[in-house]
Amino acid sequence: MTKLTPMERIWFIVNLIPKGAVLPYGTVADLAGLPGRARYVSRALKLAPQSLALPWHRVINSQGKISFTNNSEPFRIQQQLLRLDGIEVNAGKISLSQYKWQPDIATLVMTLPF
DNA sequence: AAGATGACGTGCT
DNA sequence: GAGCACGCCATCT
């Protein structure tokens, strides 16, 4: 089993988020074994190689909103990608809490390669 | 080298 | 709810 770097673990988790679901930066950090490191998740996504084709748009902040500055270029792109996933977004805010994916932490963690 | 920055979160007013 | 203050810490100036 390859030893993954903290950043690779974040990419791994993000890649698991299914279409139609979203997950907060903080939760991704927790699952990657980096509690309290939500900011590191944003850095990791920014530095992620395009070749990974990660569903980065499914990562939002704990307020259920898009974290890019309002109406910026990336903000609009993320909003559109979420809508293509079938998620309802209004002014950067995910409308229904049911879209928030709550994985069974205990079960998921046991399947992780780290 | 040192200070500012940021795709965050939590707690408190 | 809306601000504001902190804690966080790799990157960027």
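**View 1. His57 sits in the loop between α3 and β2.** This is a predicted model, so keep that in mind for every view here. Is His57 buried or exposed? With a relative accessible area of 8%, His57 is buried. Setting aside the neighbours within four places in sequence, His57 is in contact with Gln78, Leu81, Leu82 and Asp85.

**View 2. Arg58 is another residue of the loop between α3 and β2.** You might expect a charged side chain to stick out, so check the number: Arg58 has 11% relative accessibility and counts as buried, because the cut-off for buried is under 20%. Which backbone oxygen lies 2.9 Å from a polar atom of the Arg58 side chain? That oxygen belongs to Ile17. Beyond four places in sequence, the residues in contact with Arg58 are Ile17, Pro18, Lys19, Ala21, Val22, Leu23, Leu82 and Asp85. Leu82 and Asp85 turn up in the contact list of His57 too.

**View 3. Pro35 lies in a loop as well, this time between α2 and α3.** Pro35 has a relative accessible area of 60%, so Pro35 is exposed. What does Pro35 touch, once residues up to four places away in sequence are left out? The answer is Ala29 and Asp30.

**View 4. Helix α3 covers residues 38-47 and has a buried side.** Which residues of α3 are buried? They are Tyr40, Val41, Ala44 and Leu45. Looking down the axis of α3, you'd find these buried residues within an arc of 140 degrees, so they line one face of the helix. Here's a handy bit of background: an α-helix has 3.6 residues a turn, so residues three or four places apart point the same way. Over on the other side of α3, Arg39, Lys46 and Leu47 are exposed. And what do the buried residues of α3 pack against? Their partners are α1 (6-14), α2 (25-31) and β2 (59-60).

**View 5. DNA strand B has 15 residues around it.** The closest of them are Arg39, Ser42, Arg43, Asn61 and Ser62. Among the atoms of DNA strand B within 4 Å of the protein, 43% come from sugar and phosphate. Which helix gives the most to the surface near DNA strand B? That is α3, with six residues, while α2 and α3 each supply at least two. Sorted by class, this surface has six nonpolar, six polar and three charged residues.

**View 6. Zoom in on DNA strand B and you can pick out individual atom pairs, including one at Arg43.** An N or O atom in the Arg43 side chain is 2.6 Å from a base nitrogen of DNA strand B. Tyr25 has a polar side-chain atom 3.0 Å from a base nitrogen of this strand. What part of Ser62 comes to 2.7 Å from a phosphate oxygen of DNA strand B? It's a polar backbone atom.

**View 7. DNA strand C is surrounded by Arg37, Arg39, Tyr40, Arg43 and Leu47.** By class, these are two nonpolar, no polar and three charged residues. What share of the atoms of DNA strand C within 4 Å of the protein belongs to sugar or phosphate? That share is 62%, and the rest belong to bases. Arg43 appears again here: an N or O atom in its side chain is 2.9 Å from a base oxygen of DNA strand C. Arg39 has a polar side-chain atom 3.5 Å from a base oxygen of that strand.

**View 8. Stepping back, chain A holds five helices and four strands.** From the N terminus on, they run α-β-α-α-β-α-β-β-α. The radius of gyration of chain A is 14 Å, close to the 13 Å that the globule rule gives for 114 residues, so the chain is as compact as a globular protein of that length. Along the principal axes, the C-alpha atoms fill a box of roughly 40 × 30 × 25 Å. How much of chain A is buried? Buried residues make up 39% of its 114 residues. Finally, take the contacts between residues at least 6 apart in sequence: 62% of them join residues at least 24 apart.

Conventions:
Residues numbered from 1 in each chain as written. Chains lettered and ligands numbered in written order. Predicted model: local features only at pLDDT ≥ 70, side-chain atom pairs only at ≥ 80, totals over all residues. Heavy atoms only, no water. Near = heavy atom within 4 Å. Polar contact = N/O pair within 3.5 Å; in protein donor to acceptor, adjacent residues only side chain to side chain. Nonpolar A, V, L, I, M, F, W, Y, C, P; charged D, E, K, R; others polar. Buried < 20%, exposed > 50% of the residue type's maximum accessible area, 1.4 Å probe, protein only. Arc of directions from axis to C-beta. Contact = heavy atoms within 4.5 Å. Rg over C-alpha atoms; globule rule 2.2 N^0.38 Å.
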